[in-house]
Amino acid sequence: MPEHIVPPKVYVGIFLSLMVLTAATVAAAYVNLGPFNIVIALAIASVKATLVVLFFMHARYSPGRTHMVIIAAVFWLAIMLALTLSDYVTRDRDVTVNAQITGMLGT
Amino acid sequence: MHRTGELYGQFETLEQQKESAALGMWIFLSTEVLFFGGLFMTYTLNRHYYGTAFGVGSNTLDLKLGGANTIILILSSLTMAMSVWASHVGKRKQTTAFLVATLVLGTAFLGIKVIEYKQKFDHHLVPGYHFQIDYRAQHPAPNDDPKEIEAEKEELSKAFAKDPDLNAHAQLYFSLYFGMTGLHALHMIIGAGMLVWLIRQSIIGRFTTTYNTPVEMIGLYWHFVDIVWIYLFPLLYLIDRHR
């Protein structure tokens with residue numbers, strides 16, 4: 001399989017896109033969108049991360065087994081976040097309240 | 001392990017050798033995703049419970065320095081990618097030059113981080129006995145903008161009204177701030193060390209159009225560290241800028 005050489009103009013184009021997205025994320029943070037601020041911030045960060053993975057890290061030109069490892073990494077992270085959060089959000093809110101901890105310690 | 005030119009004994013072709021290295025590197029990076037993932041998990045939960053304190057903590061960070069660092073780090077990813085390209089097409093001098101540029105930018109990032117950490121020490125925002133979230137508002141420096149201090153005082157009094165335990169909860173924010181940026185900076189320092197080695201190898205002419213695996217693998221690592229910062233920047237600096 002011949003190796004794919006990514007031309008510099010692709011890298012520069014990706015760099016410029018990343019700069020535009022960085023400016024967009026700062027601009028969006030100054031607008032009050034309530035709960036959607038964090039959604040937009042994470043969405044922009046994920047687009048930036050995807051660009052870096054696909055082009056700077058050559059994932060777009062890599063074999064299927066590399067894609068499998070990348071997808072596995074994201075999937076495992078999703079398992080950790082989703083299962084941990086599903087535990088916390090279905091318990092009483094005061095699971096982390098200091099009073100309970102000090103109560104357990106008997107102080 | 002014997003080596004014929006650039007090809008190590010256990011491989012049939014240089015192509016296979018490089019693909020094996022790339023697979024190993026990606027597997028390592030997937031463990032790194034979970035390594036940082038634990039901190040992101042902790043961040044998510046604590047921000048969920050103590051949003052007010054996280055907003056106040058985030059607003060004490062210097063957005064100009066953080067933004068500059070974001071630009072510097074993404075630029076360093078560009079120079080790293082360019083050195084991979086230069087090594088692929090056999091431009092030896094350019095490979096070295098782009099690696100040096102990456103090292104300089106990485107060091108600049110760490111230098112700015114030191115300035116930011118110093119500010120946090122000066123403002124008593126390092127978790128521990130002397131932590132005081134309103135220290136700067138109570139003890140403004142002579143060159144601080146009085147309007148800014150006034151705004152900070154107002155923000156703090158509102159936050160204390162919402163969350164009487166603000167001082168304790170803001171320490172959680174700063175523990176995560178130092179923990180996450182600290183682990184990220186440690187990765188940068190390791191990356192800088194590897195860049196020094198790469199530059200040396202590049203100068204002595206170790207890399208050719210057929211053998212440039214180390215440049216590419218350390219490039220993957222460098223871009224991964226960039227991705228971590230791409231998430232850290234909005235999560236730490238931009239929580240509550242629209243006050």
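Here is a short friendly exchange about how chains A and B pack in this predicted model.

Biologist: Before we start, how are residues and chains labelled, and which pLDDT do local features need?

Modeller: Residues are numbered from 1 along each chain as its sequence is written, while chains are lettered from A and ligands numbered from 1 in the order in which they are written. In this predicted model, totals for chains, interfaces and linings use all residues, side-chain atom pairs count only at pLDDT 80 or more, and local features need pLDDT of at least 70.

Biologist: Glad to have that; what pattern does chain B follow along the sequence?

Modeller: Helices (DSSP H or I, at least four residues) and strands (E, at least two) are runs numbered from the N terminus. Chain B has 8 helices and 2 strands. Read along the sequence, the pattern is β-β-α-α-α-α-α-α-α-α.

Biologist: Which helix of chain B gives the largest share of the side that touches chain A?

Modeller: Taking contact as C-beta atoms, placed from the backbone, within 7 Å, 36 residues of chain B meet 36 residues of chain A. Helix 1 (14-49), helix 3 (63-88) and helix 8 (213-237) of chain B each supply at least two residues of that side. The largest share, 15 residues, comes from helix 1 of chain B.

Biologist: Nice! How are helix 3 of chain A and helix 1 of chain B oriented to each other?

Modeller: The axes (lines fitted to C-alpha atoms over the stretch in contact, with angles from 0 to 180 degrees between N-to-C directions) come within 9 Å and cross at roughly 20°. Angles under 35 degrees count as roughly parallel, over 145 as roughly antiparallel, 65 to 115 as roughly perpendicular and the rest as oblique. Helix 3 of chain A and helix 1 of chain B are therefore roughly parallel.

Biologist: And which helix supplies the largest share of the largest nonpolar core?

Modeller: Such a core is a set of buried Ala, Val, Leu, Ile, Met, Phe, Trp, Tyr and Cys residues joined through C-beta atoms within 7 Å; buried means 20 or more other C-beta atoms within 10 Å of a residue's own, these atoms being placed from the backbone. The largest one has 72 residues, with A53(B) and A81(B) among those with the most contacts inside it. The largest share of this core, 17 residues, comes from helix 8 of chain B.

Biologist: Last one: what is A81(B) in contact with, leaving aside its neighbours within four places in sequence?

Modeller: A81(B) belongs to the residues with the most contacts inside the core. Beyond those sequence neighbours, its partners are Y11(A), F56(A) and G219(B).

Terms used. Contact = placed C-beta atoms within 7 Å. Buried ≥ 20, exposed ≤ 12 C-beta atoms within 10 Å, placed from the backbone.
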